[in-house]
Amino acid sequence: MVNLQEVSNNKVFGGQQKVFSHQSTELKCTMKFGIFLPPAVEKGKVPVLYWLSGLTCTEQNFISKAGAQKYATEHGLILVAPDTSPRGVGIEGEDDSYDFGSGAGFYVDATQEKWKTNYRMYSYITKELPALINANFPTIPDRQSIFGHSMGGHGAIVCALKNPGMFRSVSAFAPISNPTHCAWGKKAFAGYLGTDTKAWEEYDSVCLLHKYNGPPIELLVDQGKADNFLADKQLLPDNLIEACTATKSPVVLRMQEGYDHSYFFIATFIEDHIKHHAKFLKA
Ligand SMILES: N[C@@H](CCC(=O)N[C@@H](CSC=O)C(=O)NCC(=O)O)C(=O)O
């Protein structure tokens with residue numbers, strides 16, 4: 001395997017949950033990602049579903065808490081779950097807060113001097129990682145989809161909207177839907193992209209929906225009604241729905257009674273999301 005070191009390998013639901021590390025050219029550091037290989041890979045190439053995690057996560061949260069492997073085995077999909085930022089790159093302040101720097105790459109390519117060399121998660125997710133996965137694993141490169149949670153839900157929708165046709169489907173759990181209008185997004189975008197808010201719009205799902213000119217994307221979003229970050233106005237799903245309605249973009253938002261922002265919520269509805277993606281990946 002070119003440029004890949006196996007870190008762990010566990011059999012689960014008949015497949016192999018592996019973690020690899022590699023030297024990233026975009027991020028200029030060692031990165032890890034989880035990859036689940038379903039039993040179907042023994043018979044041939046299969047589609048890939050990328051998962052983007054939220055603030056504070058590494059590649060471990062999704063692979064150990066979401067329970068996704070069972071459904072990836074059922075539908076014959078590879079799952080790829082990368083880390084959420086560069087690690088240990090030696091930028092002053094990189095570990096100071098949970099919502100900026102390490103664990104909080106926000107899936108953008110930073111333009112600000114201090115961050116721009118390493119904080120290139122957008123290019124990592126849309127270019128380097130798919131190329132690495134397709135070169136080393138039995139994928140069908142033109143059958144890939146993307147989903148994520150919170151900061152990762154934002155990342156998944158943004159990556160799909162900025163690259164029409166690259167992903168066959170997209171879905172999200174409690175995404176940060178309109179980062180230019182919430183505290184998390186304003187802090188991250190000011191730090192990575194600077195004070196010109198025009199540049200922020202390039203990474204905001206609501207703004208990008210108004211510019212999108214590709215094949216229709218049927219977006220599935222689950223949102224817990226008891227999510228504290230919903231109450232704190234960090235997620236703003238109504239703004240996403242308004243933009244989808246205005247642009248006639250297909251969307252299903254399911255407001256889930258009593259669910260919070262945690263991986264318990266994700267594990268509850270992960271089957272529906274994998275089914276949603278399988279419908280498009282297997283069509
Ligand atoms: N203050 C909390 C916030 C961290 C948190 O809740 N992270 C979520 C994602 S939030 C948006 O991107 C998460 O996925 N956490 C990991 C988990 O396994 O639950 C804190 O510092 O914990």
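## A tour from the ligand to the core and its loops

Start by selecting the ligand together with its surroundings: 14 residues lie around the ligand, and of these Leu 55, Asn 61, Lys 65, Ser 150 and Met 151 come nearest. Keep in mind while looking that this is a predicted model. If you colour the shell around the ligand by residue class, you will find 7 nonpolar residues, 6 polar ones and 1 charged one.

Next, display the side chains that offer polar atoms to the ligand. In Lys 65, a side-chain N or O atom is 2.6 Å from an oxygen atom of the ligand, while Ser 150 places a polar side-chain atom 2.7 Å from a ligand oxygen. For Asn 61, the distance between an N or O atom of the side chain and an oxygen atom of the ligand is 2.8 Å. Switching to a surface view, note that the ligand taken alone exposes 540 Å², of which the protein buries 72%.

Now leave the ligand and select the largest nonpolar core, which holds 91 residues; those that touch the most other members are Phe 33, Phe 62, Phe 106, Ile 146, Tyr 192 and Ile 270. Helix 10, which spans residues 263–281, gives this core its largest share, with 8 residues. In soluble globular proteins, nonpolar side chains tend to be buried together.

From this core, centre the view on Tyr 192. Which residues is Tyr 192 in contact with, leaving aside its neighbours within four places in sequence? They are Phe 100, Gly 101, Ala 104, Gly 105, Phe 106, Val 108, Ala 110, Thr 111, Gln 112, Trp 115 and Tyr 119.

Move from Tyr 192 to one of these contacts, Phe 106, which lies in the loop between strand 5 (78–82) and helix 3 (121–136). Although Phe 106 is not a glycine, its phi is positive, at about 60°. Is this residue buried or exposed? Phe 106 counts as buried, because its relative accessibility is 0%.

For another loop residue, select Phe 13, found between strand 1 (5–12) and strand 2 (15–24). Phe 13 also has a positive phi without being a glycine, with a value near 45°, but its relative accessibility is 47%, so Phe 13 counts as partly exposed.

Finish at Ser 177, in the loop between strand 7 (170–173) and helix 5 (183–193). With a relative accessible area of 0%, Ser 177 is buried. Beyond its neighbours within four places in sequence, Ser 177 is in contact with Asp 204, Ser 205, Val 206, Leu 235, Leu 236, Pro 237 and Leu 240.

Terms used. Residues are numbered from 1 along each chain as its sequence is written. This is a predicted model: local features need pLDDT of at least 70, side-chain atom pairs count only at pLDDT 80 or more; totals for chains, interfaces and linings use all residues. Side-chain values use heavy atoms; hydrogens and water are left out. A residue is near a molecule or strand if one of its heavy atoms lies within 4 Å of it. A polar contact is a pair of N or O atoms within 3.5 Å; within protein, one must be able to donate a hydrogen and the other to accept it, and residues adjacent in sequence count only if both atoms are side-chain atoms. Accessible areas come from the Shrake-Rupley method with a 1.4 Å probe; for residues, only the protein chains shown count as cover. Ala, Val, Leu, Ile, Met, Phe, Trp, Tyr, Cys and Pro count as nonpolar, Asp, Glu, Lys and Arg as charged, and the others, Gly among them, as polar. A nonpolar core is a set of buried Ala, Val, Leu, Ile, Met, Phe, Trp, Tyr and Cys residues joined through side-chain atoms within 4.5 Å. Buried means under 20% relative accessible area, exposed over 50%, partly exposed in between (1.4 Å probe, protein chains only). Helices (H or I, at least four residues) and strands (E, at least two) are DSSP runs, numbered from the N terminus. Contact means heavy atoms within 4.5 Å.
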